[in-house]
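Dear colleague,

I am handing over the structure below, together with a short account of what was found in it. Please keep it open beside this message as you read.

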Amino acid sequence: MLTESRSPTSMKARLLAAALIGATLPGCALGYFAQAAQGQWQLMRARRPITSVLADPAASEQLKARLRVVQDVRDFAVSDLGLPDNRSYRSYSDLKRPYVVWNVVAAPEFSVAPLRWCFPFTGCLSYRGYFRERDARRMAAALAARGNDVMVGGVTAYSTLGHFSDPVLNTMMRYGDLELASTIFHELAHQLIYVHGDTEFNESFAVSVEQEGLRRWLAARERSLELQDYLDRDHGEQLMIEVFADGRRQLAALYALAPPLPIDERRARKREILAATGAQLQAVERQLKLRTGYDTWIAEGLNNAHLASVGTYFDCVPGFQRLLAANGGSLPAFYAAVRGMRGDTAARRALCSPDGGHAATAFTPPDAPAPAISAPATMGPAR
């Protein structure tokens, strides 16, 4: 079902309404919603149908080749993955910048739990997105001044959960076909199922769909060498994710000591754990001859926010993988099982528990349909 009005006036009105919600909030919230509304409107205004770009003699052959990949991936997402069949990723926007938004993640000095911000449309999120990098860094500096660990990361795509027809962005084109396909599968997964206020569950579900989707797409297109390379790389990245998880467990144990260590001793021990985590990550990269990009974080100095960010995207993935296996690899049954958890906090927490959802079983359809997914008007889950 198509969810976006074709009327530009209607779209402007809805974006303006989203911004005006902030009028009942503190001034800083009003400013945040205003920049989100403006950024979203600029993104949508820059859209061109992919078919129009392909027919444009002024468009580069390189761009056209990438957009043909997008068309194939988008059709596969519907026909083979059961992801939404709508206008999202059927258009293209060139934003003339490397990232669509910059996310701020923060955690207290002695906690690995990220701070959360709550919004009318998306519920509570463990990151805060800005369309201008300087605004994100200004927010990060303010949070750091209050004693928090912070990180700022550029984001190539985010989802409006089907409320608007999300375009393919030039920011999504900066990497290869595998990353491009993964991003589209990930963002469409957010449109399919989204639980308000549960960032970890939402992001890990989308990661599990992108991983399974990419494996199936490569296999269906008989790109066996790329598939094997992807599986090898995925194995290496799983090892690195476990290094992050181990560092987070050590820090959590340190922060939970009762009585707590003297603050200087706590800080020293924290630095030791983070340094050891960085060294282990580099060792895995050298051993497997991988380049993951985590070296930038290590050079800047790992902190609680970095480790919390990795947890947000990957902590629940093993549970989703087991749930898919328990449903015989059937994506429709898997999606139905995930939908059944939307109103069950205990089930979601069990899936995301350290055992990775070992107790997951095949899905039995509920008697009543799951409630419809609400959609935000401006900022949504980020990739």
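How do the residues of the lining of the second largest pocket divide into nonpolar, polar and charged? Please bear in mind that the model is a predicted one. The lining of this pocket divides into 13 nonpolar, five polar and seven charged residues.

To place that pocket for you, the space in it comes to about 750 Å³, and 25 residues line it, of which Ala245, Arg248, Arg249, Asp315 and Cys352 lie nearest its centre. The elements that give two or more residues to this lining are helix H8 (224-255), helix H11 (304-314) and helix H12 (317-326), and the largest share, seven residues, comes from H8.

Next, the sheets. As general background, strands of a sheet pair through backbone hydrogen bonds, either parallel or antiparallel.

One open sheet has three strands in the order S6-S3-S7, with antiparallel pairing. Strand S6 (128-130) and strand S7 (149-155) stand at its edges, and since each has a single partner strand, one side of each is left without a neighbour in the sheet. From one strand to the next, the twist of this sheet averages 25°. Strand S3 (residues 101-107) pairs with S6 in the antiparallel sense over three bridges, and in this pairing Val104 stands opposite Arg128 of S6. Helix H5 (residues 133-145) packs on the sheet, where it touches S3, S6 and S7, and its direction makes about 10° with that of S3. S3 also pairs with S7, again in the antiparallel sense, over seven bridges, with Val101 standing opposite Val155 in S7. Although S7 stands at an edge of the sheet, five of its seven residues are buried, that is, under 20% relative accessible area, so S7 is largely enclosed by the rest of the structure.

There is also an open sheet of three strands in the order S1-S2-S8, in which the pairing is mixed. Its edges are strand S1 (48-49) and strand S8 (168-169), and because each of them has a single partner strand, one side of each is left without a neighbour in the sheet. S1 and strand S2 (residues 91-93) pair in the antiparallel sense over two bridges, and Arg48 stands opposite Tyr92 in S2.

With kind regards

Key:
Residues are numbered from 1 along each chain as its sequence is written. This is a predicted model: local features need pLDDT of at least 70, side-chain atom pairs count only at pLDDT 80 or more; totals for chains, interfaces and linings use all residues. Side-chain values use heavy atoms; hydrogens and water are left out. Two strands pair if DSSP finds at least two bridges between them. Helices (H or I, at least four residues) and strands (E, at least two) are DSSP runs, numbered from the N terminus. Axes are lines fitted to C-alpha atoms, for helices over the stretch in contact, and angles run from 0 to 180 degrees between N-to-C directions. Contact means heavy atoms within 4.5 Å. On a 1 Å grid over the protein atoms alone, a cavity is a set of points where a 1.4 Å probe fits but cannot get out, and a pocket is an open set with protein on both sides within 12 Å along at least five of seven lines; lining residues have an atom within 4 Å of a point. Grid points are joined across faces, edges and corners, and a volume is the space filled by probe spheres set on the points. Ala, Val, Leu, Ile, Met, Phe, Trp, Tyr, Cys and Pro count as nonpolar, Asp, Glu, Lys and Arg as charged, and the others, Gly among them, as polar. Buried means under 20% relative accessible area, exposed over 50%, partly exposed in between (1.4 Å probe, protein chains only).
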